[in-house]
Amino acid sequence: MIDRIVTFAVARRWLVLLLTLIACLIGGWALQRLPIDAVPDITNNQVQVNVRAPSLSPELVEKQVAFPIETALSGIEGLEYSRSLSRNGFAQITAVFTDATDIYFARQQVNERLAGLAESLPAGVTPEMGPIATGLGEVYMWTVHLAHRKDDQHEPGEPGLQPDGSYITPEGERLVSQADQATYLRTAQDWIVAPLLKNTPGLAGVDSIGGYVKQFQVVPDLARLAALRIGIDDLARALEENNNAVGAGVVDRNGEGLAVRSDARLTGAEDLSRTVIATREGVPILLSQVATVRTGQAIRMGSASENGREVVVGTAVMRVGENSRTVASAVAKRLEEINASLPTDVIVQPVLDRTALVHSTINTVAKNLAEGALLVVVVLFVLLGNFRAALIAALVIPITMLMTSFGMLQGGVSANLMSLGALDFGLIVDGAVIILVYVPLLTLTGIEGKTFTPMALTVILALVCAFILSLTFVPALLAVLLSKPVEEKEGRIMGWLKTRYEPGLDRAMQRPTRTMGVAVAAFVLAIGAFLTLGQEFLPQLDEGDMTAQLLRIPGTSVEQSQAMQFDVEKAIATLPQVRFVFSKTGTAELASDPMPPNISDTFIIMKPREEWPDPKLPKAELVEAVEKKLAVLPGNAFEISQPIQMRFNELIAGVRGDVAVKVFGDDADAMARTANQVATILRRTAGAVDVRVEQTEGLPMLDIRPRREALAAMGLSAKAVQDVVAAAIGGRDAGMIFEGDRRFAVTIRLDDTQRADIEAVGQIPVPTPDGAFVPLASVAEIAVTTGPNQISRENGKRRIVVQANVRGRDVASVVADAQADIASAVRLPAGAYLEWGGQFENLASARDRLLLVVPACFVLILLLLYGALGNVRDAMIVFTGVPLALVGGVLALFLRGMPFSVSAAVGFIALSGIAVLNGLVMVTAIQELIGQGMARARAAEQGAMRRLRPVVMTALVASLGFVPMALATGSGAEVQKPLATVVIGGLVSATLLTLFVLPTLYARFGGRRA
């Protein structure tokens, strides 16, 4: 069959070349449309459900909201597990589905279950599904702040920033306080920026945090209300009834149809204050007589800041499956257009752009591939000894890349650090034997599957394309360019190598025992070296920027956290490597990343390295410098990470650390004690840093507990008292006021000073059934207590997480030491158990899968060899190349101080294929000579001499293709280095094996027939 294909290609050479050109054009078209990202998206398939219940404490949120929803979701087809998080006034339930489950089917099923549950949830509680996004979804962030624009020229008194620091709006309102200015910025974000941005293709949503949501506040005078016998509910109903617009059909008037409307909507605070809320003895009572009406700020659950000043932060969230570079670029372009339409001196400024990391990472990969391809081409020109033949072989490289691009586009594989990380143009030139070696990688599942399956697919596509070209394009071009007979000549380099190789081969074959003993000793040495290597899932990608999560004691308010965060930003911003710092505190609007008010995510954006005082400063030393700045600030615990790393860890395992110990049980106090014991052991484990226990206790609460006896005496129900408390302290919405397309809530709520005064809270009037009012303190006990801060569940069981990051050591060694100490020192309470998660969980899963994949890979290799050689002994001799090729890979990792990782394991798999390819070339030549009647020992020696050039060429082109990856220092280089190191080191030992050990083995044990 192959003969017929090659014959056809030679006979129809111009047709084949034309088809190749068309394939190149299609590949170029695909390359322009290929999705590009920094790393593969490893987020599991999940649906988030967010629930806001402002009137419920954490334990009530768990019992009345989180647990019922978790129970309702159980049994959905494809559901792997669920977890929930219950905080004061908020719950998040995450349902994780199998990768095979369609995300839209999963969301439909979740929506149906939520609809069936609606009636059993507390009044006013409505679950909402989060955006269809993943860990790579936050592709663009910006701040909205006040600053003088160069193109905005205005005089004092005109709209814009004023010399005294105040701001005059286009409507003429002067905003003096920081709160009012922050409210105006949030209004611009919510009603100008976000609506104009939401129609950008590829966006799942626009998230906002910071500033204040504007509302019209009605602050009641409790004494006046009680004197006039007006309750808060009465006040709310009166406002709602006086803020309506209705239509009443059409009136036919002399043939003209008049649409009937009655619009009594309120237009602003002044209109609101004149509302009649009741009459007493025929005298109307206006709202302004019993309450203060003002434009104010809603109670906020989060804030944002930049370099020590408060701002609003917006985030563009990309829909799952979209091209991050395209979406981020579209968002940037759209924001430039929006910026021009904003009010005077209101500025949108980008602060985090994913395309910067994408470009940096892809540039590293492209540079490595280009340099590798150049080295391969040089080797081809030097060793082939024929310019035209070398040119034809070299042309296979770019054509293969173009054809692979089309396959990646059709297969939904994005171009990223991992999918392109294993491409070696030396392998493409060598042949298709290595294709089968990569097939077992396609069986990987979970996180490791999402990471390495695209890599395997890309390499297989490239090798298949190269194989097709070698049967079609190469013969056709040879027929065109090499029409005259070509005399095979041996170049000077190969001549020099042969004169050095022949004596060495003779000595090796004359002393077979010593030769094989050296090989066995090297293998034993490699096993010993491997046992000393650490283990990790993947080397951590250096994203360039950093994050610092700051934690304060539970119960810290948003305002206090924000004030402390100003100091954090100012301290970090003094580092010369830092360009600017911005932060998000608490929970944003979409709540995809829910944090309590006492936690802040700090984004540390770096300058380009060439602008640093020492451009070669290691990342670890920079992290230490940041930690020193933070260590002197009182009241803050912290952990250092990176934006994508932090988000991936959180979405995948529900925690942000590299290692997580989950303590499951039923007794909260016993679980907390166990978690603290585990944390103590982790803190003294070498390599474990940023150790912290989930803050489950210590939330201060204003506990208002109705007294049953007093309620019975007054004829009151507990619900009546709780409704008054919820309205007066939490706030009661009483309609909306429209300003053009914008709408703002009318909220009845006590003033902040009254809400914080326990005596004033005790005087809140509670209406009785007979129309009288009694103070709240007479029917309820009011006290400040502490309660649960956060309650987490997973698969229906309560859990507390102890998490840590790993620095300066591999994950597996840290976990092994910690597990041993925990097993000996921690006695688990009845019903409790531990589970390990985070990056270690991914490593363990990948390791277990590789224990199945690697043997399967070896079996495939043996079957391939037996099919090619037709002899079991010969196949086994060639197969010895696999373990002895691993020798060099292990020793190379050992010498460079690198731990074993899944990336290195992929390198070992690729190395196996190359070693087999070399051995197969050698043994095939030996068999051919034996078939011609030559003695086995003589055939082994002559076959080795004949195949010196292909063996050396295979080793050189394959290893040199990886050299740039092994030596690279750019963004993403740390992920490629283990793979490249293994292949280069392994090819050294594999080549020595093929050239010296294999002929010796064949002379001693080889088959007697061809």
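1. Two residues are said to be in contact here when heavy atoms of theirs lie within 4.5 Å. Read in that sense, and leaving aside its neighbours within four places in sequence, Ile-926 is in contact with Ala-939, Ala-940, Gly-943, Leu-998 and Tyr-1002. Please keep in mind throughout that this is a predicted model.

2. On the overall picture, the protein chain has 1010 residues, of which 54% count as buried, and its secondary structure comes to 34 helices and 36 strands. Its C-alpha atoms fill a box of roughly 125 × 75 × 60 Å, taken along the principal axes. Among the contacts with a separation of 6 or more, 78% are accounted for by residues 24 or more positions apart.

3. Ile-926 returns when we turn to the nonpolar cores, since Leu-865 and Ile-926 are the residues with the most contacts inside the largest core, which has 90 residues. Helix H31, residues 902-931, supplies the largest share of this core, namely 17 residues. There is also a second, separate core of 44 residues, and Phe-744, Val-761, Val-766 and Ala-780 are included in it. As general background, nonpolar side chains tend to be buried together in soluble globular proteins.

4. Helix H33 covers residues 948-967, and at 1.5 Å a residue its 20 residues should span 28 Å, which agrees with the 28 Å between its end C-alpha atoms. The helix nevertheless bends by about 25 degrees at Gly-961, and a proline, Pro-964, follows within four residues. Because 15 of the 20 residues of H33 are buried, this helix is largely enclosed by the rest of the structure.

5. Helix H18, residues 512-532, may be checked in the same manner: its 21 residues, at 1.5 Å a residue, should span 30 Å, and the 31 Å between its end C-alpha atoms agrees with this. The buried residues of H18 include Pro-512, Thr-515, Met-516, Ala-519, Ala-526 and Ala-529. Seen down the axis of H18, the buried residues fall within an arc of 140 degrees, so they line one face of the helix. On the other side of H18, by contrast, Thr-513, Arg-514, Val-520, Val-524, Leu-525, Leu-531 and Thr-532 are exposed. It helps to recall that an α-helix has 3.6 residues a turn, so residues three or four places apart point the same way.

6. Ala-508 deserves a paragraph of its own. This residue lies in helix H17, residues 492-510, and with a relative accessible area of 8%, under the 20% limit, Ala-508 is buried. Leaving aside its neighbours within four places in sequence, Ala-508 is in contact with Thr-515, Phe-996 and Thr-1000, and Thr-515 was listed above among the buried residues of H18. The C-alpha atoms of Ala-508 and Pro-999 are separated by 8.9 Å, although these two residues are 491 residues apart along the chain.

7. Finally, how many disulfides does the structure hold? There are zero disulfides in the structure, and the pair Cys-24 and Cys-465 can serve as an illustration. The closest cysteine sulfur to that of Cys-24 is the one in Cys-465, and because the two are 10 Å apart, they are too far from each other for a bond; a disulfide would need the sulfur atoms to be within 2.5 Å. Both cysteines are nonetheless away from the exposed class, since Cys-24, at 16% relative accessibility, counts as buried, and Cys-465, at 8%, counts as buried as well.

Note on methods. Residues numbered from 1 in each chain as written. Predicted model: local features only at pLDDT ≥ 70, side-chain atom pairs only at ≥ 80, totals over all residues. Heavy atoms only, no water. Core = buried A, V, L, I, M, F, W, Y, C linked by side-chain atoms within 4.5 Å. Buried < 20%, exposed > 50% of the residue type's maximum accessible area, 1.4 Å probe, protein only. Helix = DSSP H or I, 4+ residues; strand = E, 2+ residues; numbered from the N terminus. Expected span 1.5 Å × (residues − 1). Bend = angle between axes of the 7 residues up to and from the residue. Arc of directions from axis to C-beta.
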